[in-house]
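The following report describes how the parts of a protein model meet, with the cut-offs behind each term given where the term is used.

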Amino acid sequence: MSLLSIRDLVTEFESPSGTVRAVDGVSFDVQPGEIFGIVGESGCGKSATCRSILRLFGGSQARISGGQIVLEGAGDLPGLNERQLAQVRGRDVAFIFQDPLTALNPTMKVGKQITEVIRRHQKITRAEARMTALQLLKDVQVTSPERRLEAYPHELSGGLRQRVVIAMALALRPQLIVADEPTTALDVTVQDQILRLLRERRDKLGTSIILITHDLGVVSQICDRMAVMYAGRVVETGAVREVLDRPAHPYTQALLAALPGRVGRDHALTPIEGGPPSLVSPPPGCRFAPRCKHAQAECSIGAPPPLHSREGSSEGHVDACILTEVAHVPA
Ligand SMILES: Nc1ncnc2c1ncn2[C@@H]1O[C@H](COP(=O)(O)OP(=O)(O)O)[C@@H](O)[C@H]1O
Ligand SMILES: [Mg+2]
C-alpha cells in the first residue's frame with residue numbers, strides 16, 4: 001500500500017491577473033521507503049503540489065479545489081481541520097525548504113528551536129529534549145554540536161543551517177520528508193553531504209522522501225522513482241532508470257537533451273525554445289505542444305491528455321503524450 005497517494009489534485013492561487021491553477025490534475029504515489037523525485041522547470045507547480053500536502057502556503061491566497069491527498073494512517077489530508085493537520089505536520093510529514101532561514105526563527109537559539117519541536121509532540125522534560133537535540137545534531141554531522149545548540153541561526157553557515165533544519169525534520173521520525181530544493185542554495189560539496197544524509201535516513205529507518213529539484217543529476221543519483229511536471233501537470237512518471245534511459249514524453253526528452261553532459265560529438269546543445277504557458281489561461285490539449293518539435297494539430301485540441309502506458313514500456317512507466325510514434329532519445 002502506498003504511503004502517500006495524490007489523485008487529481010488541483011491547487012489554485014488568487015493573483016492580480018486572475019486565478020492561477022498552479023496544480024491541475026496531478027496524481028502520483030509514494031511508496032514506503034522510497035525516494036521520489038519531482039522535476040520540471042521553475043514555475044511548473046512542484047512546490048505548490050508539495051505545499052498542498054500540509055497546506056503550507058504561507059500568507060498566500062491558495063486553495064485546494066479538487067482531488068485527494070491520502071496519507072496512510074491519517075486519511076484524506078485536505079479534509080482535515082487545522083488542528084488535525086497540525087498533528088500531522090512534523091510528526092508524520094516534515095518539510096525541508098530551499099532556504100533554511102525561512103524555516104528557522106532568527107531570534108531563538110538553535111537548541112531551543114529543536115527542543116520546542118520535540119516538546120510540542122512528546123511529553124518529555126526539557127533536559128531530555130536537549131539530549132535528543134544534541135543527538136540529532138550529531139546524526140546530521142554537525143561539528144561541535146554542544147556549541148551549536150547555543151547559536152542563533154545567523155551565526156551558522158548555510159550548510160550548517162540546512163543541517164539544523166534537517167535535524168528538526170528528523171526529530172519526530174516522520175514517515176515522510178518533503179524536501180523542496182533542499183540543496184539549491186548550497187555549494188556542491190555540501191549538497192552531496194546533505195543528499196547522503198537524506199539517503200542514509202531512508203536506508204536506516206525506511207523514511208519516504210519526496211525530493212523536488214530542477215537537477216536531473218540529483219534525481220539520477222538518489223531517487224528511485226520520479227515525476228516530470230510541466231505547466232501544472234505530471235507528463236511522465238516511472239522508475240528513474242526507465243524515465244532517464246527511455247524518456248517517452250517529448251518534454252522529458254527535451255529536458256535530457258538540454259543537459260550539458262549529454263552533448264556528444266554529433267549533438268549540439270539544444271535548450272528548449274520558448275517558455276511555459278500561462279497557468280491563468282493555459283492552451284487546450286497538451287501544454288507542451290506549442291514548444292514540441294513533434295507536435296501535430298491533434299495535440300492542441302481538447303483536454304490535456306492523461307497519463308497512459310505505451311507498448312513496450314515497463315510497469316509503472318507512464319506518460320501523457322498522444323504521439324506514440326515519437327522516437328526515443330538516442331543514447
Ligand atoms: N503565492 C502565489 N500567488 C500567485 N501565484 C503563485 C503563488 N505561488 C506560486 N504561484 C504560481 O504558481 C505556479 C507554480 O509555482 P510553484 O509551485 O512555486 O513552481 P515551482 O516550484 O515548480 O517552481 C507558478 O506559475 C507561480 O507563479
Ligand atoms: Mg519551487
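## Interface between the two domains

In this predicted model, the C-alpha centres of domain 1 and domain 2 lie 29 Å apart. Domain 1 covers residues 4-223 and domain 2 covers residues 247-319, with bounds taken from an automatic or database domain assignment. Where they are in contact (heavy atoms within 4.5 Å), eleven residues come from domain 1 and eight residues from domain 2.

| Domain | Residue range | Residues in the contact |
|---|---|---|
| Domain 1 | 4-223 | eleven residues |
| Domain 2 | 247-319 | eight residues |

The two domains bury about 850 Å² between them, 57% of it on carbon and sulfur atoms; buried area here is the accessible area (1.4 Å probe) that two parts lose on being put together, summed over both. On the side of domain 1, the residues that lose the most area to domain 2 are D24, E41 and L216, together 51% of what that side buries.

D24 also forms a salt bridge with R287, the closest N and O atoms being 2.6 Å apart, and the count between the domains is two salt bridges (a side-chain nitrogen of Lys or Arg within 4 Å of a carboxyl oxygen of Asp or Glu).

Residues are numbered from 1 along each chain as its sequence is written, and chains are lettered from A and ligands numbered from 1 in the order in which they are written. Local features need pLDDT of at least 70, side-chain atom pairs count only at pLDDT 80 or more, and totals for chains, interfaces and linings use all residues, while side-chain values use heavy atoms, with hydrogens and water left out.
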